[in-house]
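Visitor: I have a few questions about how residues get their labels. Could you walk me through some of them?

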Amino acid sequence: MAASAPPPPKKRRIGVMTSGGDSPGMNGVVRSVVRTAIYKGCEAYAIHEGYEGLVNGGDMISPMHWEDVRGYLSKGGTLIGTARCKAFMERPGRLKAAKNMILKGIDALVICGGDGSLTGADKFRSEWPSLIEELVKAGELNAQDIEPYKHLNIVGLVGSIDNDLSGTDATIGCYSSLGQICNAVDSVFDTAASHQRGFVVEVMGRHCGWLALMAAIATGADYVFIPEKPPSAGWEDQMCNIITKHRSRGKRRSIVIIAEGACDENLNKITAKQVNDVLANRLNLDTRVTVLGHTQRGGTACFYDRWLSTMQGVEAVNAVLEATPETPSPVITIRENKIERSNLMDCVALTKSVAKAIEAKDFDRAMHLRDVEFSDYFESYLMTISTDSPKLRLPENQRMRVAIVHVGAPAGGMNPATRAAVAYCLTRGHTPIAIHNGFPGLQRHHADQPLGSVREVKWLDADPWVNEGGSEIGTNRGLPSDDLETTAKCFELYKFDALLLVGGFEAFAAASEIRKGREKYDSFKIPLIVLPATVSNNVPGTEYSLGSDTCLNTLLEFCDNIRQSASSSRRRVFVIETHGGRSGYLATMTGLAVGALAVYTPEEGINLHMLARDIEYLRENFRNDRGASRAGKIILRNEKASETYTTNLIADMIKEEARGRFESRAANPGHYQQGGKPSPMDRIRSLRMAIKCMEYLEDKFTGVTKQACADDPMSAVVIGILGSEVVFSPLGGPDGLEATQTNWKERRPKSEFWFPMRDTVDILSGRPKADDTCHECGKVYVDNRLGPVISRSS
Ligand code: ADP
């Protein structure tokens, strides 16, 4: 007689699991899946310890409630556990897993793990019909038990620090890990320079060199070893030549980064020790090996991983709910700034083909399979270590004098971007010229003084900017229109052939003024490129500005720490004021990453209703908490969200209304938000974007006359990330950014890509929506902020 399963649950049950190697951000996935599932009228279950939990069943598969995932975003590792499970590799293990799923009433699984875990997931789904049939045949379950579970839904999320899955730009955890590596190398950087030492740093990555390459870019390492692009025979000479050259130019430290899976062209392993010996023996360098090991896995998730895990978790639940029996299992991926669904098995197969290509010594194919950007990054990195290689120089008549200016407030990434542009110019034979202290600096120029504000940049000066925050050449808010005449004269005097403007909305406005000034001044008829760099991320034509990631990470740290500070007193609300000008981007994204209870932005403003509702929600929240969560709660308010309801006033109102049940405090991180050293993402994107700008100049404007340049709308552009692509958008013309995308009054883009994400912040923190309930009749409206809801949860 077959054992019978309990009747199927009334609501859909979605299981969430973390599997394989842990990675920062996995907790963000669990929080997001659990809360989105509940919000959408489903039940959420956690499967503990990866596939072990599925195979063993019982208490290892347990229901998750809204409150259970409180505080998850700021915790490292995975709180529901992970394991490597041998039993699941064999069919009998998977048979047990299938039975446990049915006994628990679960018919959909969201699995966050690496390619191994996702391979297992796909195998499980493809075997599912035969597994449940076998359970009936073996008398483990009745035929009617399996009836509601004919189709298993599986959605994959890629949690891995290596960024080794093909088909996605980033995996959950890779940027946090890169952050750990960069911190370590930055520290080594200082001691290396002090003692004129060499360091060989080994980082994780058995088949994938992403961490090693990105760490090399972000720290300005002298040489890198990655498995996909092994060095050719004689690499010892090549490495020693490069390092000797760098040293002879005055560089005091030498850093080599090596992926743990590094090998030579014949697949012979290259070890950190071997590289160390080469440097010590041939160059007589005092060299040390640093193996970073498991520190790379740890730590709390950085902003990007919290954002990615949250948004992908929402998308995973949507994918579960939209799946039909015919839909192939998806994996949630990201391309530039766009979250997408891809075919799980295709991505896993592609990933495996990289390892196969390496095994077959087909390294070009391995690089190609990894993805286009990866090889672009590699080529760009080579540019920065070969600034004096004559092979890459252009003929004299194709060389340009490229001016670089910083405009507006400093932002992380300005220095590394300038360094990358300088490296490109020097490698190709162009002349990089820095305009010091922005346009006012140019307008105050002293042509007769050797140290005037317009100076050619030497590599030795620019090289250390790789990890420096702020702006080394000086930035200023002043605009060309402050003295257009002198600005034009200087363009002529210094014979600028092109101008790269690095900065925020002011850089955009400055480029627009110069573009319009072309009618009057011939010297302005040169290509102009704006490379957005501002913490506010409010430049039309891009969804990402350099410096915004650094700022978000700084704010995240501030919020995590301040929240922690409340743990002894409990019951405390912090109202934190953020920068951002008239754009709510920073406040909203920080809110998403720290799980803020409410976010106030200039776009939405603040009104009494909103405050009353939020205070009521706070009361309810503290009531339900029953002391379970010791950490404080956070409300974020953009600096310009309201003229009346200031940060202090809101904090006071909360205190007053709390009637002693909880306290509140205002906090303002102020200029601390600009951050110290740029984040790894800002550093690597600086390189990539700046080099794309330089290539654009070369490709489109070499040998083009001044008039032809002025007539081409693509000669004044913003480089930006829009959705899944990096694009150059024209400033002028009827379809240009100035006319169609710019809200000049509020100094932000007309349509802000991030705006819909504010709903996600509210929903996942449980904040009620303003128009949820009709205040007059009490009717509850269906809230479809995250797409259709199956049924409203209680
Ligand atoms: P990662 O997911 O980080 O790549 P692993 O490769 O160790 O980590 O895989 C994690 C778990 O996924 C394994 O312990 C095993 O339970 C399961 N798994 C991996 N590969 C398979 C497979 N081919 N078939 C079934 N299960 C698998």
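**Labels and their cut-offs**

Guide: Gladly! Let us start with D614, which is buried at a relative accessible area of 5%. This is a predicted model, where local features need pLDDT of at least 70 and side-chain atom pairs pLDDT 80 or more, while totals for chains, interfaces and linings use all residues. Residues are numbered from 1 along each chain as its sequence is written, and side-chain values use heavy atoms, without hydrogens and water.

Visitor: Why is D614 called buried?

Guide: Buried means under 20% relative accessible area, exposed over 50%, and partly exposed in between (1.4 Å probe, protein chains only). D614 has 5%, so the label is buried.

Visitor: What makes D286 partly exposed, and R197 buried?

Guide: D286 has 34% relative accessibility, so it falls between the two cut-offs. R197 has 14%, so it is under the 20% limit.

Visitor: How do you know that D286 and R197 form a salt bridge?

Guide: A salt bridge needs a side-chain nitrogen of Lys or Arg within 4 Å of a carboxyl oxygen of Asp or Glu. The D286 and R197 side chains meet at 3.0 Å, N to O, so the pair qualifies. D286 lies in the loop between α9 and β9 and R197 in the loop between α6 and β6, so the pair ties together parts 89 residues apart in sequence.

Visitor: Why is T554 called buried?

Guide: T554 has a relative accessible area of 10%, so it is under the 20% limit. Contact means heavy atoms within 4.5 Å, and T554 touches Y672, Q673 and G675, not counting residues up to four places away in sequence.

How values were computed
Helices (H or I, at least four residues) and strands (E, at least two) are DSSP runs, numbered from the N terminus.
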